[in-house]
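Please take a moment with the sequence and the model before reading on. The paragraphs below are meant to be followed with both in view.

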Amino acid sequence: QRGGIYDRQLNPLAMSLSVDSVYAVPSELTEPKMVASLLAPVLGLDGADLLGRFQSMHSFCWVKRKVTTAEATRVRDLNLKGIYFQRETKRFYPKGDLAGQVIGYVGLDDKGLGGLEFALDEQIKGKPGRVLLASDARRRTFHSTDWPGIPGKSLILTLDEKIQYITEKALAEAVQRAQAAGGVAIVQNSNTGEILALANEPTFNPNEFGGSSASARLDRAVGWVYEPGSTFKLITIS
């Protein structure tokens with residue numbers, strides 16, 4: 001189980017939900033072409049591509065991973081022989097694009113690909129469980145030993161959800177007013193150095209990161225190089 005990410009008030013910013021994934025045992029499909037034609041429109045897949053996977057695999061192939069509840073229900077209603085379900089976890093960002101660049105996003109296999117999800121992936125992802133199977137020459141299992149997985153660690157950020165929302169809204173309005181290509185806003189507690197909000201514009205929704213551009217996913221506040229400018233005058237004065 002991947003650890004969660006929370007703001008300073010323990011409001012969830014990233015969590016893992018249990019969802020269904022659909023897979024097939026092609027050797028059990030009596031009519032692969034018909035099965036592919038039935039599943040493709042239900043799951044939004046290409047029928048020819050799905051049929052090709054059925055024909056090239058023998059004992060296992062994914063049909064579609066991490067499907068929605070509606071999709072899982074429709075597949076179950078088809079009651080197709082050789083089509084099965086497996087429970088997996090799917091990363092979910094309940095606040096949508098709020099602090100998207102800071103939090104980051106994960107891939108299909110729950111590996112961190114951006115932001116804190118990437119930078120602290122080793123701590124957040126935990127360790128998977130293991131199963132050792134003993135089987136005979138006919139592949140019949142007669143003994144098994146399993147070791148449970150270790151859940152990942154959760155993160156509590158210094159960000160404040162409400163301050164982050166207000167900052168992002170103000171930044172978006174300023175960028176639009178100035179007709180700028182983008183912008184950054186950082187809110188800091190000057191007494192402690194804690195970052196209360198870190199906003200980027202343009203932004204993106206980590207739940208649908210595949211449809212966003214690379215520039216939208218970039219955390220400009222920490223990913224760009226800036227000239228010191230007026231902030232360096234403090235050093236000169238000192």
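What follows looks at one helix and then at the charged side chains that pair with one another.

The model is a predicted one, and a convenient place to begin is helix α7, which runs over residues 161-178 and so has 18 residues by its record of positions. From its first C-alpha to its last, α7 reaches 26 Å, close to the 26 Å expected at 1.5 Å a residue. Which residues of α7 are buried? They are Glu-161, Gln-164, Thr-167, Glu-168, Leu-171 and Val-175, and, seen down the axis of α7, these buried residues fall within an arc of 120 degrees, so they line one face of the helix. An α-helix has 3.6 residues a turn, so residues three or four places apart point the same way. On the other side of α7, by contrast, Lys-162, Tyr-165, Ile-166, Gln-176 and Arg-177 are exposed. The cover over the buried residues of α7 includes the strands β10 (183-188) and β11 (195-201).

The two ends of this helix also deserve a look. At the start of α7, a side-chain oxygen of Asp-160 comes to within 3.0 Å of the backbone nitrogen of Lys-162, while just after α7 the residue Gln-179 takes a positive phi of about 55 degrees.

From the helix we turn to charge. Side chains of opposite charge can pair when their charged atoms come close, and a search of the whole structure finds 14 salt bridges. In one of them the side chains of Asp-109 and Arg-65 meet, at 2.7 Å from N to O. Asp-109 lies in the loop between β5 (105-106) and β6 (112-114), and Arg-65 in the loop between β3 (61-64) and α3 (69-78), so the pair ties together parts that are 44 residues apart in sequence. Asp-109 is exposed, with a relative accessible area of 60%, whereas Arg-65 is buried, with a relative accessible area of 18%.

A salt bridge within a helix can be seen in α6 (residues 121-125), where Glu-122 and Lys-125 lie 3 residues apart, about one turn of the helix. Their side chains meet at 3.2 Å, N to O; Glu-122 is exposed, at a relative accessible area of 58%, and Lys-125 is partly exposed, at 35%.

Another salt bridge joins the side chains of Glu-117 and Arg-91, at 2.8 Å from N to O. Glu-117 lies in helix α5 (residues 115-119) and Arg-91 in strand β4 (residues 83-92), so this pair ties together parts that are 26 residues apart in sequence. Both partners are buried, Glu-117 with a relative accessible area of 0% and Arg-91 with one of 6%.

Which residues are linked with Glu-117 and Arg-91 in a network of salt bridges? The network also takes in Arg-2, Lys-111 and Asp-121. Arg-2 is placed in the segment before β1 (5-6), and, at 5% relative accessibility, it counts as buried. A polar contact of 3.0 Å joins the side chain of Arg-2 to that of Glu-117, and another, of 2.9 Å, joins the side chain of Arg-2 to that of Asp-121. Leaving aside neighbours within four places in sequence, Arg-2 is in contact with several further residues, among them Ser-16, Val-106, Asp-110, Gly-112 and Ile-124.

Methods:
Residues numbered from 1 in each chain as written. Predicted model: local features only at pLDDT ≥ 70, side-chain atom pairs only at ≥ 80, totals over all residues. Heavy atoms only, no water. Helix = DSSP H or I, 4+ residues; strand = E, 2+ residues; numbered from the N terminus. Expected span 1.5 Å × (residues − 1). Buried < 20%, exposed > 50% of the residue type's maximum accessible area, 1.4 Å probe, protein only. Arc of directions from axis to C-beta. Contact = heavy atoms within 4.5 Å. Polar contact = N/O pair within 3.5 Å; in protein donor to acceptor, adjacent residues only side chain to side chain. Salt bridge = Lys/Arg side-chain N within 4 Å of Asp/Glu carboxyl O.
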